[in-house]
Amino acid sequence: MLVGASSYSHLDDLPAVQANVPALRALLCGAAAPLRTENCVALVDPATTAEVSKAVQKAAREATDTLLIYYAGHGLLDDKGALHLAIPQSDNDSVYDTAVPYDWIRRPIESTGATRRIVILDCCYGARAFGIQSESVIDLAEVDGTYVMAAAGETAVALAPPGETYTAFTAELIETLSGGVPGASELLDLNVIFRHVRGRLKARGRPTPLDLDRNGLGATPFIRNSAYVPAAPPPADAHHDMLHVLESTPRTATVAQLVTSVGLLSEQRSATAGDIVRTALQVRAVTELAPFLAALFEAGHRAPAEAALPTLFLTRPVEETAHLVDLLHAMSADECVVSLLQLSVRLQPTQQAVRFAEALCRADLTEHARALLTGCALTRDVAETVQLMQELAHGDLAHLLADVARSVAERRAVADVTALFLPLCVDGMPDTAALLSQIVAAKRSAIDAAEMISVLVREGHEHAARQIFAVGMSQRGPHYLAELVAALQANQLVDAAASARFLAVQHWPTEDVSQFIAHLLTVGQHQHALEAAIHTARERTVEEFASITSHLTDLVADQAMRELLDDAARTCSPSQAAYLVSKLDAAGQDGPADRIFWLSLHRPVGHAAGMLRHLDHTGSRFVSDAELPELWQTCPPSDLARLAVALERSLPHKSELLLSITERPADQVVTMVDSLEKAEANTLSNKILRAAVAEWSMAAQAHLVIALEERSQIGCARYLEQRASRAEGFADLLRTARTESKPAEPWWPWWPRQRFAYQPSPHTHVMYVVKRDESVFDIAKRYGVRQAGIIDENTLRAPYTLYEGQALSIPLQSDRRHFMLPPFPRRLVPGRVHADVEQLQRLLKRAGYLDQLASESSYGSETCQAVTRLNQDHLLGRDNPRMTHKGWDILHRLARGGG
């Protein structure tokens with residue numbers, strides 16, 4: 001099964017991969033090749049992951065002798081570090097659902113009926129296919145019957161040289177298969193092929209490949225060596241005599257004779273070669289076995305040696321086997337040592353493996369003993385691993401137990417680690433069980449830790465779960481704990497997530513708490529971020545809370561901070577909202593405090609009233625007698641109406657203070673009445689109208705009636721007129737007022753007296769870029785429009801806070817009335833001297849764009865700069881010094897309408 005992916009939509013293309021597959025197919029499949037042509041499947045640029053998975057499953061299902069899987073392309077890692085094989089549609093930002101998980105390849109290989117299983121990966125991170133890195137003596141975990149060859153290590157990038165026909169690794173593999181290995185035997189095994197490829201890549205300074213030989217498969221013949229040159233046969237008599245001697249007396253032959261004989265017999269009589277090695281292992285002294293085995297491995301006769309090595313464990317005491325390992329280690333025969341330890345891991349019962357490890361320690365081979373025990377702990381089932389740890393705890397190797405447990409916690413599946421934790425607790429090994437959970441917290445991902453915590457909580461081990469929180473807090477920091485909270489929430493462990501959040505807020509310094517809350521927002525846990533903020537407000541001093549909110553403002557984007565405040569206003573209880581508002585206000589965070597306060601007024605009246613009662617109890621400025629009357633100047637009428645309704649429910653005397661109309665202009669009063677009517681607070685609007693009758697002059701009352709009629713509040717106008725008409729002369733005064741011209745109000749369009757010299761504005765909207773500290777009220781006043789129009793046009797939410805650089809759409813018409821302005825002068829161009837230029841400069845000065853002391857006589861540099869600023873403020877172009885039709889309209893509004 002040959003798979004290649006060369007063209008990608010979201011990754012860099014690898015054009016050389018397209019040539020890899022057909023070249024390898026020609027070498028591996030055919031009459032003289034190791035595989036039959038009809039059994040070879042080539043798949044180049046597969047369309048979907050399912051296409052690859054189905055093809056691999058079919059090949060594994062049908063294979064009986066040899067299953068070979070080759071892949072060339074991009075290797076990708078998901079968020080857990082697992083290997084995925086890319087296809088053309090794969091995306092590095094979404095690895096899990098766009099690439100083929102290597103597990104989809106591994107599982108069919110493990111279940112196939114083929115006796116030989118070979119995997120060749122020419123991709124980045126190919127060594128992840130081994131499950132663990134396979135470069136040292138401690139990496140002993142195996143799956144029988146599989147040989148893996150990978151182009152690059154876990155952290156190296158497989159090289160695809162530009163302009164070359166094949167990728168670097170596959171090019172050398174093709175050269176080796178086609179050109180052969182000089183000096184090697186007639187049939188090349190995978191080990192010889194790999195060593196030759198690795199040597200060629202090293203010589204060219206390219207990434208070094210890795211291999212993993214499962215169960216000695218790499219030593220079996222794979223393909224004919226095209227560079228093989230038959231050696232001259234030895235004299236017939238000598239050959240016959242040597243075979244006779246070695247077959248009849250393996251006890252007396254020298255080491256050199258044994259090695260030579262095994263080499264000769266391995267090609268002609270492999271079974272006899274294995275028998276000779278096996279017999280020698282049983283009868284020769286250990287001091288002779290060490291050079292014998294080392295020479296066999298050095299000469300490339302690994303297969304008969306490894307086939308006979310199990311005899312050692314059956315016939316020799318563990319002390320002798322340990323002594324053999326010591327001698328081999330002293331001779332630097334590392335390959336032979338690794339094979340011995342691997343066989344021990346795979347073949348020896350747990351108790352015997354422990355005895356062997358003890359013997360290795362007595363021979364001062366502690367590292368080898370640790371490697372042996374670690375391999376057993378990583379590959380045995382849970383029950384055997386528990387038995388192994390118990391043997392270690394109660395024997396002479398207790399000092400190695402912590403290292404073995406640490407390797408298990410770091411490298412086994414978290415489900416296995418959790419399954420080990422439970423019996424260890426029951427069987428009197430709580431310290432080892434606690435070490436497992438601590439290592440999971442310190443080394444594993446937050447998702448793994450959450451999975452373990454879910455089982456521990458379910459089984460009643462809450463204390464161990466809290467220990468995972470504590471270790472994560474002390475060693476991993478705010479980012480990890482926020483991800484752990486998210487993982488716990490995803491597993492529906494709400495209480496556990498709340499416990500982690502509580503510990504963080506309770507014990508961390510202010511800067512860490514800020515980072516924790518910020519990262520909770522980043523991972524989408526807004527509710528937990530809000531609860532953490534509320535808990536912080538309750539548990540910390542004002543100074544600490546001020547520091548936390550200041551850091552938080554620096555860490556998160558403005559939009560995320562606004563969303564957090566909005567969540568607080570939407571979901572907090574009245575007491576929580578009041579506490580947050582008070583704490584933020586005391587910490588100097590006026591903006592966040594205002595936002596939560598005004599947004600909370602949008603909730604049901606009972607909630608808002610409860611919040612106001614709590615604020616009044618704490619003496620908050622928001623409900624102070626001095627602050628309430630001033631809100632008319634700064635807050636939108638709709639918000640004041642909501643505040644008045646809530647105050648009437650909770651603090652009636654404060655409501656009267658807010659609704660006082662003493663010294664209020666008529667336009668503010670009519671706006672408040674209009675807002676109260678829209679809020680269905682008729683009782684409060686009638687209270688204002690009765691106050692107007694009692695406190696205002698009849699002329700002011702008449703103007704108020706007319707203003708209410710213009711606002712279409714006819715019912716209120718009639719109510720006020722009926723009450724005011726009880727005073728003698730009011731009816732005549734009202735009639736006179738209705739015939740008089742209406743004075744201009746700040747937010748109504750400006751109308752010139754000589755209309756024939758003006759023309760209506762064709763523009764209905766204008767864009768404006770908000771400056772620092774500007775409010776909706778300031779902008780509405782500046783342009784002579786109503787605040788409500790700006791709020792509705794831009795769908796602003798209370799408390800209508802604006803930020804610098806925000807683009808607002810400002811509606812320029814009101815009640816179907818057009819703004820009137822002089823015709824646009826055509827002579828307004830830079831460099832001109834004209835009367836229209838003088839008019840333009842007067843308008844620019846009144847609108848604040850040109851200095852009052854400027855005295856240019858032409859459309860010069862100062863005028864150009866002023867016009868450029870006007871255009872930039874209204875998105876009419878950057879660096880544009882020319883006056884436009886819309887700019888002319890805006891300038892007249894600024895100079896006259898809102899001035």
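**Exercise 1. Work out the strand order of the open three-stranded sheet and say which strands sit at its edges.**

Solution. Start with the elements: helices (H or I, at least four residues) and strands (E, at least two) are DSSP runs, numbered from the N terminus. Two strands pair if DSSP finds at least two bridges between them. Apply that here, and the open sheet reads S4-S5-S6, with antiparallel pairing. Next, look for strands that pair on one side only: these are S4 (75-77) and S6 (100-101), the edge strands. Now zoom in on S4 and S5 (residues 83-85): three bridges join this antiparallel pair. One residue pair to check by eye is Leu-77 with its bridge partner in S5, Leu-83.

A quick note before going on: residues are numbered from 1 along each chain as its sequence is written, and side-chain values use heavy atoms, with hydrogens and water left out. The model is predicted, so local features need pLDDT of at least 70 and side-chain atom pairs count only at pLDDT 80 or more, while totals for chains, interfaces and linings use all residues.

**Exercise 2. Find out how confident the predictor is along the chain.**

Solution. The score to use is pLDDT, the predictor's confidence in each residue, from 0 to 100. First take the whole chain: its average is 80, and 86% of the residues score at least 70. Then go element by element: strand S1 (residues 2-4) has the highest mean pLDDT, 94, and helix H7 (residues 236-248) the lowest, 49. Last, check residues 131-143, where the pLDDT is below 50; this stretch still has 35 contacts (heavy atoms within 4.5 Å) in the model beyond near neighbours in sequence.

**Exercise 3. Describe the surroundings of Thr-170.**

Solution. Place the residue: Thr-170 belongs to helix H5 (residues 168-179). Then ask about burial, where buried means under 20% relative accessible area, exposed over 50%, and partly exposed in between (1.4 Å probe, protein chains only). At 0%, Thr-170 is buried. Now list the contacts, skipping neighbours within four places in sequence: Asn-20, Leu-24, Tyr-70 and Asp-122. Finish with polar contacts (a pair of N or O atoms within 3.5 Å; within protein, one must be able to donate a hydrogen and the other to accept it, and residues adjacent in sequence count only if both atoms are side-chain atoms). The Thr-170 side chain makes one with the side chain of Tyr-70 at 2.8 Å and another with that of Thr-167 at 3.3 Å.

**Exercise 4. Compare the salt bridges Arg-204 to Glu-172 and Glu-306 to Arg-302.**

Solution. The rule is a side-chain nitrogen of Lys or Arg within 4 Å of a carboxyl oxygen of Asp or Glu, and it gives 31 salt bridges. Arg-204 and Glu-172 meet at 3.0 Å, N to O. Arg-204 lies in the loop between helix H6 (190-203) and strand S10 (210-213), and Glu-172 in helix H5, so this pair ties together parts that are 32 residues apart in sequence. Arg-204 is partly exposed at 45%, whereas Glu-172 is buried at 2%.

For Glu-306 and Arg-302, the closest N and O atoms are 2.8 Å apart. Both belong to helix H11 (residues 302-308), and because they are four residues apart, about one helical turn separates them. Glu-306 is buried at 13%, and Arg-302 is buried at 16%.
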